[in-house]
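This report goes through salt bridges, strand pairing and nonpolar cores in turn. The structure comes first.

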Amino acid sequence: MPVARLCQLVLIAAMLAPAASMPAAAQDAVRAMPPEAEPGQATDETVRAAVAAVLVATLGGEFDAMLELRLGDPTVEVAGPRDHVVHGLGELRFDGAGEDWLAFRYRARFDPVTATAGYPEIRLGAGGEGSGERFVPNDAGLLVELEALVAAELESFPGAGRVTLQLDDVSSLQSGRRFLQVEAEGLADFGPVGRTGARVDALYDLQSNAWLRIVHALGPDAHAQDLEGATAGP
């Protein structure tokens, strides 16, 4: 059974079952966030279970090597009788990552009638608030590599032609000893098509020297008819 599917089954079972009846494996795989992580206002286990299900499905589909997920208490904002917004802080750990956890923030719609959550918005990192997070100097070599990878992907879209990407506003946040999160904004030059702003969010594995995630988005002034599909992101 794939790791992501096993993690999903274990997590959902653990969220729905009383602690005393959990299998030992479930108690080990699903953990509560440390008290100091970020307290929330809602403790409804139905909300937690629904959000956990969509987070595991989404993150498990993106990261095949995801092993464990832990969530802090969610904060629930009521926008309507069947329209609640749930957001909070979580952490995930990859197979082989030791005790290095990667923080993330999430946001999802929740329907209290059906007890289900919608597709979540997920942003990796906690802005320095996560366990073991610290800002580090930018790595010039990695930035050149990142610019080239994103530019090559943009060039694959119809009508793009040759693309030059220059990232100027860059921040690098390291989580533990293994993960480096890079957030950057800059300018994508499509030559005759024109220029537009660009944002890149990426995750680099310092252990395997590989990019685990690269998400990019172009500014609103990009010409959709010329750059069909050139905006990528969750």
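## Salt bridges

R178 and D205 form a salt bridge through their side chains, with an N to O distance of 2.7 Å. R178 sits in the loop between β9 (164–175) and β10, and D205 belongs to strand β11 (residues 195–205), so the pair ties together parts that are 27 residues apart in sequence. R178 has a relative accessibility of 11%, and D205 has a relative accessible area of 1%. The cut-off for buried is under 20% relative accessible area. R178 therefore counts as buried, and D205 is buried as well. The model behind these values is a predicted one.

A salt bridge also connects the side chains of E183 and R123, at 2.9 Å from N to O. This pair links distant parts of the chain, since E183 is in strand β10 (residues 179–189) and R123 is in strand β7, 60 residues apart. Both ends have some exposure: E183 is partly exposed with a relative accessible area of 24%, and R123 is partly exposed at 44% relative accessibility. The two residues also belong to a network of salt bridges that links R123, E183, E185, R199 and D201.

The pair R48 and E45 is a local one. Their side chains meet in a salt bridge of 3.5 Å, N to O, and both residues lie in helix α3, 3 residues apart, about one turn of the helix. Here R48 is buried, at 11% relative accessibility, whereas E45 is partly exposed, with a relative accessible area of 39%.

The three pairs are set out below.

| Salt bridge | N to O distance | Location |
|---|---|---|
| R178 and D205 | 2.7 Å | R178 in the loop between β9 and β10, D205 in strand β11 |
| E183 and R123 | 2.9 Å | E183 in strand β10, R123 in strand β7 |
| R48 and E45 | 3.5 Å | both in helix α3 |

Over the protein, the count comes to 13 salt bridges. As general background, side chains of opposite charge can pair when their charged atoms come close.

## The five-stranded sheet

Which strands make up the open sheet, and in what order? The sheet has 5 strands in the order β8-β9-β10-β11-β12, with antiparallel pairing. β8 (133–136) and β12 (210–218) are the edge strands, each with a single partner strand, so one side of each is left without a neighbour in the sheet. From one strand to the next, the twist averages 25 degrees.

The antiparallel strands β11 and β12 are joined by 8 bridges. D205, the residue that meets R178 in a salt bridge, has A210 of β12 as its bridge partner. Helix α4 (residues 140–155) lies across β9, β10, β11 and β12, and runs at about 55 degrees to β12.

## Nonpolar cores

The largest nonpolar core holds 24 residues, and L55, L59, L69, L92 and F104 have the most contacts inside it. At least two residues of this core come from each of α3 (45–62), β2 (66–71), β4 (83–94), β5 (102–111) and β7 (121–124). The greatest contribution is that of α3, with 8 residues.

What does L92 touch, leaving aside residues up to four places away in sequence? Its contacts are L59, M66, E68, L69, D100, W101, L102 and F104. Apart from the largest core lies another, of 23 residues, among them L165, L180, A198 and V200. In soluble globular proteins, nonpolar side chains tend to be buried together.

Strand β4 also contains H84. Is H84 buried or exposed? With a relative accessible area of 14%, H84 is buried. Residues up to four places away in sequence aside, H84 touches V76, E77, V78, A79, A108, R109, F110 and P112.

## Overall values

The protein has 4 helices and 12 strands. Of its 234 residues, 45% count as buried. Among contacts with a separation of 6 or more, 55% are between residues 24 or more positions apart. The accessible surface comes to about 11700 Å², and carbon and sulfur atoms account for 54% of this area.

Methods
Residues numbered from 1 in each chain as written. Predicted model: local features only at pLDDT ≥ 70, side-chain atom pairs only at ≥ 80, totals over all residues. Heavy atoms only, no water. Core = buried A, V, L, I, M, F, W, Y, C linked by side-chain atoms within 4.5 Å. Buried < 20%, exposed > 50% of the residue type's maximum accessible area, 1.4 Å probe, protein only. Contact = heavy atoms within 4.5 Å. Salt bridge = Lys/Arg side-chain N within 4 Å of Asp/Glu carboxyl O. Pairing = 2+ DSSP bridges. Axes fitted to C-alpha atoms, helices over the stretch in contact; angles between N-to-C directions. Areas by Shrake-Rupley, 256 points an atom, 1.4 Å probe, with all protein chains shown as cover.
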